[in-house]
Amino acid sequence: MVDALVIGAGVCGLTTAVVLAEQGVDVVVWAREPERTASWAAGAIWGPIDSRHPEVPRWSAVTRRALLDLEGPEAGIWQLYGLEASRDKVDLPDFLRDETGEIGSVLVPDIERFDGASTGPCLKGFAVAWRYAAPLINMPVYLAFLRQRLVAAGGRLEVRPVGRLQDDLPGRVVVNCSGAGAHDLVPDPSVEAVRGQLVVVENPGIGEFFAEHGGHEVNLTYIFPMNAEQVVLGSTFERHNRCPEPDRDIRQGIIDRCVSIYPQLVAAHVLDERVGFRCIRDRVRLEHERIAGRDVIHNYGHGSGGVSLSWGCAADVADHVRALLG
Ligand SMILES: Cc1cc2nc3c(=O)[nH]c(=O)nc-3n(C[C@H](O)[C@H](O)[C@H](O)COP(=O)(O)OP(=O)(O)OC[C@H]3O[C@@H](n4cnc5c(N)ncnc54)[C@H](O)[C@@H]3O)c2cc1C
């Protein structure tokens, strides 16, 4: 019997397992699929997305600091300046405001605002934009880094599916980081698996990110340079598409949208494509439940922002687990 069984090897499961193992908790991760997760498919950029849970500002602030502490090629993280731009004239997002509501924040310094035509030629069609720096995360590299860090701290990862949380499982405490798998595992009928596709292309010299601002439940356009060699182009938000393979027409649509922002992408060679399924529900579920006489901590439902919340949620889960272990 181990102290903690973590179900799921996406960014939330691995980060939680790393935090637990580094605090001296005996931890094993069981994952049905350890490689091709939603986390592997993510862009990814840090941002306090999906703010329907009141703890999102705190979780995302903790995660931003943790990601910046890890900045470097080993973890696949670098901080870049870039533009978040909206087609509609909207207010400044909360995370870019100070306590008086004005532009500027302790968390994200050096924010510039651009309006209408002053946003420059690459932003035709956008009404307002903000330029600031954010951590960009090369997810395949970052997940490999987390797996290594887990093993270095004495944790283990095993490829094993879990049928039901009522099953005879080895953890004194079970941590459920099953992402969209929570729909069947919990079961939680409010969970919806929503498809996202992105394209990785050669970097034609782009040194800033571009992210379209908008509701996070639509096809937003983004351009995330991962390093001098690769740029991630995104993305889609497809409620009823269950296909795990990349679609050629969807790929072309993503490229066309990105070329309209940065025309130099038109001839960029496609290096890779990724598809993942976000775990969409009304809000993040981070809570304790007793199931079949066992303590379970749920940590799923991060929607389009699980990378950005991962360290903050992991720290809270670890507090619960240690309290339960006594
Ligand atoms: C295209 C795309 C772009 C994105 N961009 C961003 C971004 O820029 N920034 C950001 O913060 N977020 C982004 N996201 C969202 C982010 O990827 C997710 O919120 C995050 O990856 C969720 O992580 P997770 O660990 O909860 O789930 P997952 O990564 O889905 O991992 C779930 C794990 O649970 C396992 N599992 C499920 N069921 C079982 C079972 N029954 N038994 C055993 N194991 C099981 C799976 O095999 C897997 O290992 C994006 C998502 C997509 C798809």
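This text goes through a predicted model, starting with a sheet and ending with the ligand.

The sheet is open and is built from eight strands. Read across the sheet, their order is 4-5-3-9-10-11-8-12, and the pairing is mixed. The edges are strand 4 (112-115) and strand 12 (270-280), each of which pairs on one side only. On average, and with direction ignored, neighbouring strands in this sheet are turned by 30 degrees against each other.

At one edge, strand 4 pairs with strand 5 (residues 128-137) in the antiparallel sense, over four bridges. Within this pair, Arg-113 stands opposite Trp-130, which belongs to strand 5. Helix 3 (residues 56-69) packs on the sheet, where it touches strand 3 (77-86) and strand 5. The direction of helix 3 makes about 60 degrees with that of strand 5.

The ligand is the next stop. Around the ligand there are 39 residues, and those that come nearest are Glu-33, Ser-39, Val-162, Gly-306 and Ser-308. By class, the residues of this shell divide into 17 nonpolar, 18 polar and four charged.

Some contacts to the ligand involve the protein backbone. A polar backbone atom of Val-11 is 3.3 Å from an oxygen atom of the ligand. For Val-307, a backbone N or O atom lies 3.2 Å from a ligand oxygen atom. At Gly-43, a polar backbone atom is 3.4 Å from a nitrogen atom of the ligand. On its own the ligand has 1000 Å² of accessible area, and the protein covers 95% of this. Two or more residues of the shell come from each of helix 1 (11-22), strand 2 (27-31), helix 2 (38-41), strand 12 and helix 7 (306-325). Strand 12 thus links the two parts of this account: it is an edge strand of the sheet and also gives residues to the shell around the ligand.

Note on methods
Residues numbered from 1 in each chain as written. Predicted model: local features only at pLDDT ≥ 70, side-chain atom pairs only at ≥ 80, totals over all residues. Heavy atoms only, no water. Pairing = 2+ DSSP bridges. Axes fitted to C-alpha atoms, helices over the stretch in contact; angles between N-to-C directions. Contact = heavy atoms within 4.5 Å. Near = heavy atom within 4 Å. Polar contact = N/O pair within 3.5 Å; in protein donor to acceptor, adjacent residues only side chain to side chain. Areas by Shrake-Rupley, 256 points an atom, 1.4 Å probe, with all protein chains shown as cover. Nonpolar A, V, L, I, M, F, W, Y, C, P; charged D, E, K, R; others polar.
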